[in-house]
Amino acid sequence: LAYQAMKFAVWLAGGDPVKITSKAPRDPKSIDGLLFGGGSDVYPERYQGAVKEGHRYNLARDEMEASWAEVALNQDIPVLGICRGMQMLNVLQGGTLYPDLSDFEDSDYPTSFLHRMFYRKPIRIEPDSWLAETVGTDELCVNSIHTQAVKDLGDSFDVAAREPNGIIQSIEHRTARFMVGIQFHPEFLVYRKSARRIFERFISCAREVAQEHENG
């Protein structure tokens, strides 16, 4: 469901969504932007966390995203990380995660997927951030589908938004052309202009890269 919603959001913003598999060569000229979406937990040993007993991890996906993120940083390719995608970007830059939000003080979220889809919570956005400029406000009401969250920031990331209880809802890389993490799911909020703008600006940056590729 989330993958189809992201495809639609990218298409709606004028992009051409292409699924990348673990077998795809890491050729920076084959893509103009990267979107890392939601999914299973990031493997805890990547951030010195404890593996959950009986939990299934997608190690192949972790490796694929790690190598693509390195390519993106080296080649200045725009990257948008959503939910797990934001967490992965943070971990790859040396950050850590809260492995389970139920252990976080002042967190009271619905547990079933359906309730999480319709639950809304406020976030406060840093006024000088890319996100604030993009959505045109310093406050948003967003969905809450995640069960983990960023704890310690990775190198070169700044916090762009938080919940009232302090949980980080967006991060932005200081030096990359475009490397933004969004903890909520804007692909499920595309009926809102603010959510569409996130994808539109990501695609706009990817278009610049496409033009550079064409010009050699």
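Student: How many bridges join strand 7 to strand 8, and which way do the two strands run?

Tutor: This is a predicted model, and in it 5 bridges join strand 7 to strand 8 (residues 168-173), with the two running antiparallel. For a concrete pair, look at Phe-157, which stands opposite His-173 in strand 8.

Student: What should I look for in the turn of that hairpin?

Tutor: Look at the backbone angles. The hairpin of strand 7 and strand 8 has 5 residues between the strands, and Gly-166 takes a positive phi near 100° there.

Student: Which way do strand 4 and strand 7 run, and how many bridges join them?

Tutor: Strand 4 (residues 120-125) and strand 7 (residues 157-162) run antiparallel, joined by 2 bridges. In this pairing, Ile-125 has Ala-161 of strand 7 as its bridge partner. A general idea helps when you view such strands: in a regular strand the side chains alternate between the two faces of the sheet.

Student: Now for charges. How do I read a salt bridge, and how many salt bridges does the structure hold?

Tutor: The general idea is that side chains of opposite charge can pair when their charged atoms come close. The structure holds 15 salt bridges. One of them also concerns the strands we just discussed: the side chains of Glu-163 and Lys-121 meet at 2.8 Å, N to O. Glu-163 lies in the loop between strand 7 and strand 8 and Lys-121 in strand 4, so this pair ties together parts that are 42 residues apart in sequence.

Student: Are Glu-163 and Lys-121 buried or exposed?

Tutor: With a relative accessible area of 7%, Glu-163 is buried. Lys-121 is buried as well, at 3%. The cut-off behind that word is a relative accessible area under 20%.

Student: Which residue meets Arg-84 in a salt bridge?

Tutor: Arg-84 meets Asp-62, side chain to side chain, at 2.7 Å, N to O. The pair links distant parts of the chain, since Arg-84 is in helix 3 and Asp-62 in helix 2, 22 residues apart. Arg-84 has a relative accessible area of 1% and is therefore buried; Asp-62, with a relative accessible area of 1%, is buried too. Both residues also belong to a network of salt bridges that links Arg-46, Arg-61, Asp-62, Glu-63, Glu-65 and Arg-84.

Student: What does a salt bridge within one helix look like here?

Tutor: Take Arg-197 and Glu-200, whose closest N and O atoms are 3.9 Å apart. Both lie in helix 6, 3 residues apart, about one turn of the helix. Arg-197 has 28% relative accessibility, so it counts as partly exposed. Glu-200 is partly exposed too, with a relative accessible area of 31%.

Student: How do I read empty space, and how much of it lies in the largest pocket?

Tutor: The general idea is this: rolling a probe the size of a water molecule over the atoms shows where empty space is left. In this model, about 990 Å³ of space lies in the largest pocket. Its lining has 31 residues, and those nearest the centre are Pro-17, Val-18, Lys-19, Ile-20 and Leu-35. Helix 1 (2-12), strand 1 (34-36), helix 2 (59-75) and helix 6 (193-215) are the elements that give two or more residues to this lining. By class, the lining has 17 nonpolar, 7 polar and 7 charged residues.

Student: Which residues lie closest to the centre of the second largest pocket?

Tutor: The second largest pocket holds about 350 Å³ of space. It is lined by 19 residues, with Gly-39, Ser-40, Cys-83, Arg-116 and Ile-145 closest to its centre. Helix 3 (84-92) and helix 4 (113-118) are the elements that give two or more residues to this lining. Its class count is 6 nonpolar, 9 polar and 4 charged.

Student: And how many cavities of 30 Å³ or more does the structure hold?

Tutor: There is 1 cavity of 30 Å³ or more, and about 50 Å³ of space lies in the largest cavity. Among the residues lining this cavity are Val-135, Phe-184, Arg-192 and Ile-198. Strand 5 (139-143) and helix 6 each give two or more residues to the lining. The lining divides into 8 nonpolar, 1 polar and 1 charged residue.

Student: One last residue: what does Ala-5 touch beyond its sequence neighbours?

Tutor: Leaving out residues up to four places away in sequence, Ala-5 touches Glu-187 and Phe-188. Ala-5 is found in helix 1 and, at 13% relative accessibility, counts as buried.

Key. Residues are numbered from 1 along each chain as its sequence is written. This is a predicted model: local features need pLDDT of at least 70, side-chain atom pairs count only at pLDDT 80 or more; totals for chains, interfaces and linings use all residues. Side-chain values use heavy atoms; hydrogens and water are left out. On a 1 Å grid over the protein atoms alone, a cavity is a set of points where a 1.4 Å probe fits but cannot get out, and a pocket is an open set with protein on both sides within 12 Å along at least five of seven lines; lining residues have an atom within 4 Å of a point. Grid points are joined across faces, edges and corners, and a volume is the space filled by probe spheres set on the points. Helices (H or I, at least four residues) and strands (E, at least two) are DSSP runs, numbered from the N terminus. Ala, Val, Leu, Ile, Met, Phe, Trp, Tyr, Cys and Pro count as nonpolar, Asp, Glu, Lys and Arg as charged, and the others, Gly among them, as polar. Buried means under 20% relative accessible area, exposed over 50%, partly exposed in between (1.4 Å probe, protein chains only). Contact means heavy atoms within 4.5 Å. Two strands pair if DSSP finds at least two bridges between them. A salt bridge is a side-chain nitrogen of Lys or Arg within 4 Å of a carboxyl oxygen of Asp or Glu.
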